[in-house]
Amino acid sequence: MSSERTSELKPLNIAILTISDTRGPDEDSSGQFLEDSVVEAGHRLISRRILPDDVYLVRAAISSWIAEPDVHAVIITGGTGFHERDSTPEAVAPLLDKTIEGFGEEFRRQSASEIGTSTIQSRAFGGLANHTAIFCLPGSTGACRTGWNGILSTQLDSRHGPCNFSALVGRKPERAVERLQQVIGKRAAR
């Protein structure tokens, strides 16, 4: 746990990913809620994307954000249920260095008061990869509201104590992402 608190907010760079086979930008109320909440909290929205529920597309997007030194946190909405197309946990879990067990547990505890035992069908979870905090929420706007208001707003706030994730993601190592892209680009051109 990180116990470093600050008296002033240290804004984080946050990316938002909506996983949906049916939603476009105009229908993405969950992604919009998260964007509005991130900005209102004083953080910087560094990227927002919508991708279909495809393990490899999701994994590629998340991997690029994990490698990017300017991305501190990623919030994903959608693909956490039990429908045959729901594959966010399968896409993201292999990328994690550590899981945040308490995130999914606390999310389900809080959502039980809203949706009762249906909360057991949520596979919401979180983890860390290369000092990037990654949180996976269900696709409904209500679930995003529960996750943001009940957990993420404080855990991504450097002023929250006794601990928060802000200090951990602030230690992200600088890596030559541009060099990696050059190498991949040259190999892809072959």
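Student: What makes the backbone at Gly116 worth a look, just after H4?

Tutor: Its phi! In this predicted model, Gly116 follows straight after H4 and takes a positive phi of about 65 degrees.

Student: Which residues other than glycine have a positive phi?

Tutor: Two to look at are Asn130, with phi near 50 degrees, and His131, with phi near 60 degrees. You'll find Asn130 in the loop between S5 and S6, and His131 lies in that loop too.

Student: Why is Asn130 called buried or exposed?

Tutor: Set the value against the cut-off: buried means under 20% relative accessible area. Asn130 has 13%, so it counts as buried.

Student: And what do we call His131, and why?

Tutor: Its relative accessible area is 33%. Buried would need under 20% and exposed over 50%, so His131 lands in between and is partly exposed.

Student: Back to H4. How do you know what span to expect for that helix?

Tutor: You take 1.5 Å times one less than the number of residues. H4 has 15 residues, and the expected span is 21 Å. From first C-alpha to last, H4 reaches 21 Å, so the value is close to what the rule expects.

Student: Which residues of H4 are buried, and what covers them?

Tutor: The buried ones are Phe103, Gly104, Phe107, Gln110 and Ser111. Their cover includes strand S5 (125-129), strand S6 (132-137) and H5. As for the spacing, an α-helix has 3.6 residues a turn, so residues three or four places apart point the same way.

Student: What is the space in the largest pocket, and which residues are closest to its centre?

Tutor: The space comes to about 330 Å³. Of the 23 lining residues, Thr80, Gly81, Pro138, Gly139 and Ser140 are the closest to the centre. Helix H4 (101-115) and helix H5 (141-155) are the elements that give two or more residues to the lining, with the largest share, 4 residues, coming from H4.

Student: How do the lining residues divide into nonpolar, polar and charged?

Tutor: There are 5 nonpolar, 13 polar and 5 charged. Watch out for glycine when you check this, because Gly counts as polar here.

Student: How many disulfides does a search of the whole structure find?

Tutor: It finds 0. To count, a pair of cysteine sulfur atoms has to be within 2.5 Å, so with 0 found, no pair meets that cut-off.

Student: Why do Cys144 and Cys163 get the label they get, buried or exposed?

Tutor: Cys144 has 0% relative accessibility, under the 20% cut-off, so it is buried. Cys163 has 16%, which is also under 20%, so Cys163 is buried too.

Student: What kind of peptide bond joins Gly161 to Pro162?

Tutor: A cis one, with omega near 15 degrees. Pro162 sits in the loop between H5 and helix H6 (166-169).

Student: Last one: how many helices and strands are there, and how do they run?

Tutor: There are 7 helices and 6 strands. From the N terminus on, the order is β-α-β-α-β-α-β-α-β-β-α-α-α. Across the 190 residues, 46% are buried. And among contacts between residues at least 6 apart in sequence, 77% join residues at least 24 apart.

Methods:
Residues are numbered from 1 along each chain as its sequence is written. This is a predicted model: local features need pLDDT of at least 70, side-chain atom pairs count only at pLDDT 80 or more; totals for chains, interfaces and linings use all residues. Side-chain values use heavy atoms; hydrogens and water are left out. On a 1 Å grid over the protein atoms alone, a cavity is a set of points where a 1.4 Å probe fits but cannot get out, and a pocket is an open set with protein on both sides within 12 Å along at least five of seven lines; lining residues have an atom within 4 Å of a point. Grid points are joined across faces, edges and corners, and a volume is the space filled by probe spheres set on the points. Buried means under 20% relative accessible area, exposed over 50%, partly exposed in between (1.4 Å probe, protein chains only). Contact means heavy atoms within 4.5 Å.
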